[in-house]
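Biologist: Please show me the structure, and let us then discuss it by question and answer.

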Amino acid sequence: RVRALFPYFQPELSSHNLDLVSHEQRRVLHVLVRLSNAEHISNIKKPKVDWNGPQAHPEFVPFTAGIPLSWENFDAINTQGNVELSYACSMENVKLKTRRRLAATVGGWGNLPDDQATLASSINFWATLESVPEEVVKVIVFMIRNYSSINSAFGKLNGDGDNSLNHKEFVSNLQRVGCCRSKKVKEQMTGFVLQDSQALESYDEHDSVQYEQLSSVYRFLDSSNDGEISRKEFDALERIWKELHQSMYEFKKDMETCYGTLSSAYETADEDGSDALSFEEFTILVQATRFDGPIKQIFLFMDMNGDDEIQKYEFELLNDYAEDPPLGLD
């Protein structure tokens, strides 16, 4: 059986590399196909196959017409080849009843609530950072530092109050306040909030790098591919933030265990006294601890002014952002 290792109730952002020779891995593919057929046919993202794989030098080709319809039947799935794909589902399309049935019949999970409301309340929707694009992390970092919450950021962006964001609303409004801008404006140490005057000075509607990064985030969030980001789809940012928040808390604890204080940790890494840690220096600092979380994403969060280096005051701001983790204190 495909048991506990498969995320039946939250397969979002999961990526899979499946060897079709393996019965268990074909079963994983079959579960994803059945789930996609029940929730939305476009939920399987970027499927590709190497019919002769797995091999040292893969020869992947895309499924130009999508996953074969016949693979709804487990016995119809090829028993040779290597398939790669990922899964993403808009929260509006999540079918908990289907996910429960697959968990019970394929995974052998027992004692699952029959009542949908009870089942839903028992699930703490979360996200992993491994499959999250870097530009999405940048947008989350900007929102956390410049708005009271992810939820309030949605309200600010949703000017017409229709509870959804089209491409222009999302991209133009974030451009206007300086999110993901390619020409950096140094943020002052007081508050670290980009003031309106600074945002307007840095706003450049012809900043193609900024436009493309924000458009990429928009496409990432529009998991239903209907041309709008609903509030439920936007809430994916909150789930990603919970993971980053929890990771920063654990990172801070490991720094303090290994070095005593954040200040001591920084001084250990900044041997030349330049008051600037590159990502490589940051990585070396972390390697001396037990931390095995998302180093790159934490570096992005700490790099307040976006200059690809961490100054000491930025490093010590972790004291403010790494408190009250979503999963509670140790």
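The exchange below treats the pocket, a salt bridge, helix packing and the backbone.

Modeller: This is a predicted model, in which local features need pLDDT of at least 70, side-chain atom pairs count only at pLDDT 80 or more, and totals for chains, interfaces and linings use all residues. Residues are numbered from 1 along each chain as its sequence is written, and side-chain values use heavy atoms, with hydrogens and water left out.

Biologist: Which strand gives the most to the lining of the largest pocket?

Modeller: On a 1 Å grid over the protein atoms alone, a pocket is an open set of points where a 1.4 Å probe fits, with protein on both sides within 12 Å along at least five of seven lines, and lining residues have an atom within 4 Å of a point. Helices (H or I, at least four residues) and strands (E, at least two) are DSSP runs, numbered from the N terminus. The lining of the largest pocket has 32 residues, and the elements that each supply at least two of them include strand S2 (44-50), strand S4 (82-87) and helix H10 (236-259). With four residues, the one that gives the most is S4.

Biologist: How many residues of that lining are nonpolar, polar and charged?

Modeller: Ala, Val, Leu, Ile, Met, Phe, Trp, Tyr, Cys and Pro count as nonpolar, Asp, Glu, Lys and Arg as charged, and the others, Gly among them, as polar. Leu13, Lys45, Ser86, Ala88 and Phe220 lie nearest the centre of the pocket. The whole lining divides into 13 nonpolar, nine polar and 10 charged residues.

Biologist: Which residue meets Lys48 in a salt bridge?

Modeller: A salt bridge is a side-chain nitrogen of Lys or Arg within 4 Å of a carboxyl oxygen of Asp or Glu. The structure holds nine of them. In this one, the N to O distance is 3.6 Å, and the pair links strands S2 and S4, 36 residues apart in the chain. The partner of Lys48 is Glu84.

Biologist: Why are helices H4 and H5 described as roughly perpendicular?

Modeller: Axes are lines fitted to C-alpha atoms, for helices over the stretch in contact (heavy atoms within 4.5 Å), and angles run from 0 to 180 degrees between N-to-C directions. Angles of 65 to 115 degrees count as roughly perpendicular. The axes of H4 (residues 134-146) and H5 (residues 150-157) are 9 Å apart, and the helices pack at an angle of about 95°. H4 is therefore roughly perpendicular to H5.

Biologist: Which residues of H5 make that contact?

Modeller: By class, the contact has six nonpolar, no polar and no charged residues. H4 contributes Ile140, Met143 and Ile144. From H5 come Ile150, Ala153 and Leu157.

Biologist: Where is the cis peptide bond from Gly53 to Pro54 placed?

Modeller: This bond has omega near -5°. Pro54 lies in the loop between S2 and strand S3 (61-62).

Note on methods
Parallel < 35°, antiparallel > 145°, perpendicular 65-115°, else oblique.
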